[in-house]
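Colleague: I have this model open and would like a close look at one part of it. Could you pick a helix and walk me through how the chain is arranged around it?

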Amino acid sequence: MTLLQWVAAQPVSASSCPNKGSQGSLTFTIENVFGGTVDLGQYDGIQALILTNGRTRSESESLSKSLALEFGQNPRLRQIVLVDGRGLVLLQDFVLQFIRESVPTDPRLVSQYVYVAVDFEGETVQGIQEVVSEAIPGIDLRQQAALLLLDGEGSPIGGFKNLDQSNLKIRQCIRTLIY
């Protein structure tokens, strides 16, 4: 507990954030598994887009919970977890039910600023994968989850891979962007 307090009190520099934004903005509208849509091109704050699949579920869940614990009630950060559901169309109802049932119910993790979506057709995922590959060179999206930080207009401002190992750096970066 003392270590966490010490880390949180340390000044954070802008160098905590990767400066690997790309040109253009993501104008995708994503459907939340609980209803409603999320427009990546319109938000008053920073957006943390976690791109994941069945293989990378563990690392993306870990980061998502960590972000929800620290920033879950802060409207300056919107978290979107986008699951690559290509190949699961026949199991669509089962997958959606599983995701809905596995969302944390712990009040510390529940937030109106956290969204979960599954792209079964792959159109949105493929477009976002292209941007992620540009922002994070060398990433293998079949084996690694990715975090893409977006501004309020959907323009990438940086990205991370190895989410388990980058968790502290990610949170430091987000702190510098929203405070």
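Modeller: Happy to! Let's take helix α2, which has 15 residues and reaches 20 Å from its first C-alpha to its last, close to the 21 Å expected at 1.5 Å a residue. Please keep in mind that this is a predicted model.

A little context helps before we zoom in. The protein chain holds five helices and seven strands, and from the N terminus on they run α-β-β-β-α-β-α-β-α-β-β-α. Of the 179 residues in the protein chain, 50% are buried. Among contacts with a separation of 6 or more, 74% join residues 24 or more positions apart.

Now to α2 itself. Its buried residues are E59, S60, L63, S64, S66, L67, A68 and F71. They pack against the strands β3 (46-52), β4 (77-84), β5 (114-119) and β6 (146-150), and also against helix α5.

The pairing with α5 deserves a careful look. Helix α2 (residues 57-71) and helix α5 (residues 163-178) pack at an angle of about 30°, with their axes 10 Å apart. Angles under 35 degrees count as roughly parallel, so that is how α2 and α5 lie to each other. Their crossing is right-handed. On the α2 side, the contact is made by E59, S60, S62, L63, S66, L67, E70 and F71, while α5 brings L163, D164, N167, I170, R171, I174, R175 and I178. Sorted by character, the residues of this contact divide into seven nonpolar, four polar and five charged.

If you step back from α5 along the chain, you meet the loop between β7 (156-160) and α5, where N162 has its place. N162 has a positive phi of about 50° although it is not a glycine. For comparison, most residues other than glycine have a negative phi. N162 counts as partly exposed because its relative accessibility is 30%.

At the other end of our story, the loop between α2 and β4 holds N74. With 15% relative accessibility, N74 counts as buried. Leaving aside neighbours within four places in sequence, N74 is in contact with Y113, I178 and Y179. You have already met I178, as one of the α5 residues in the contact with α2. In space, the C-alpha atoms of N74 and G45 are 9.7 Å apart, with their positions 29 residues apart in sequence.

From there, move into the strands that α2 packs against. In strand β4 you will find I80, which counts as buried at 0% relative accessibility. Not counting residues up to four places away in sequence, I80 touches I30, V38, L40, Q47, A48, L49, I50 and Y115. The C-alpha atoms of I80 and V38 are 8.5 Å apart, and the two residues are 42 apart in sequence.

Strand β6 offers L150, again buried with a relative accessible area of 0%. L150 touches L26, L40, G45, I46, Q47, L49, S155, P156 and I157, once residues up to four places away in sequence are set aside. Its C-alpha atom is separated by 5.9 Å from that of I46, although these two residues are 104 apart along the chain.

Strand β5 contributes D119, a residue that counts as buried at 9% relative accessibility. Not counting residues up to four places away in sequence, D119 touches L82, V83, D84, G85, R86, T124 and V125. D119 and E31 are 88 residues apart in sequence, with 8.6 Å between their C-alpha atoms.

Two of those partners of D119, T124 and V125, lead us to helix α4, where they are buried along with G127, I128, Q129, V131, V132 and A135. What covers the buried residues of α4 includes β1 (29-31), β3, β4, β5, β6 and β7. At 1.5 Å a residue, the 13 residues of α4 (residues 123-135) should span 18 Å, and the end C-alpha atoms are 19 Å apart, which agrees.

To bring it back to your request: the buried residues of α2 pack against β3, β4, β5, β6 and α5, and strands β3, β4, β5 and β6 are also among the elements that cover the buried residues of α4.

Technical notes: Residues are numbered from 1 along each chain as its sequence is written. This is a predicted model: local features need pLDDT of at least 70, side-chain atom pairs count only at pLDDT 80 or more; totals for chains, interfaces and linings use all residues. Side-chain values use heavy atoms; hydrogens and water are left out. Axes are lines fitted to C-alpha atoms, for helices over the stretch in contact, and angles run from 0 to 180 degrees between N-to-C directions. Helices (H or I, at least four residues) and strands (E, at least two) are DSSP runs, numbered from the N terminus. Angles under 35 degrees count as roughly parallel, over 145 as roughly antiparallel, 65 to 115 as roughly perpendicular and the rest as oblique. A crossing is left-handed if the near helix is turned anticlockwise from the far one by less than a right angle, and right-handed if clockwise. Contact means heavy atoms within 4.5 Å. Ala, Val, Leu, Ile, Met, Phe, Trp, Tyr, Cys and Pro count as nonpolar, Asp, Glu, Lys and Arg as charged, and the others, Gly among them, as polar. Buried means under 20% relative accessible area, exposed over 50%, partly exposed in between (1.4 Å probe, protein chains only). The expected span of a helix is 1.5 Å times one less than its number of residues.
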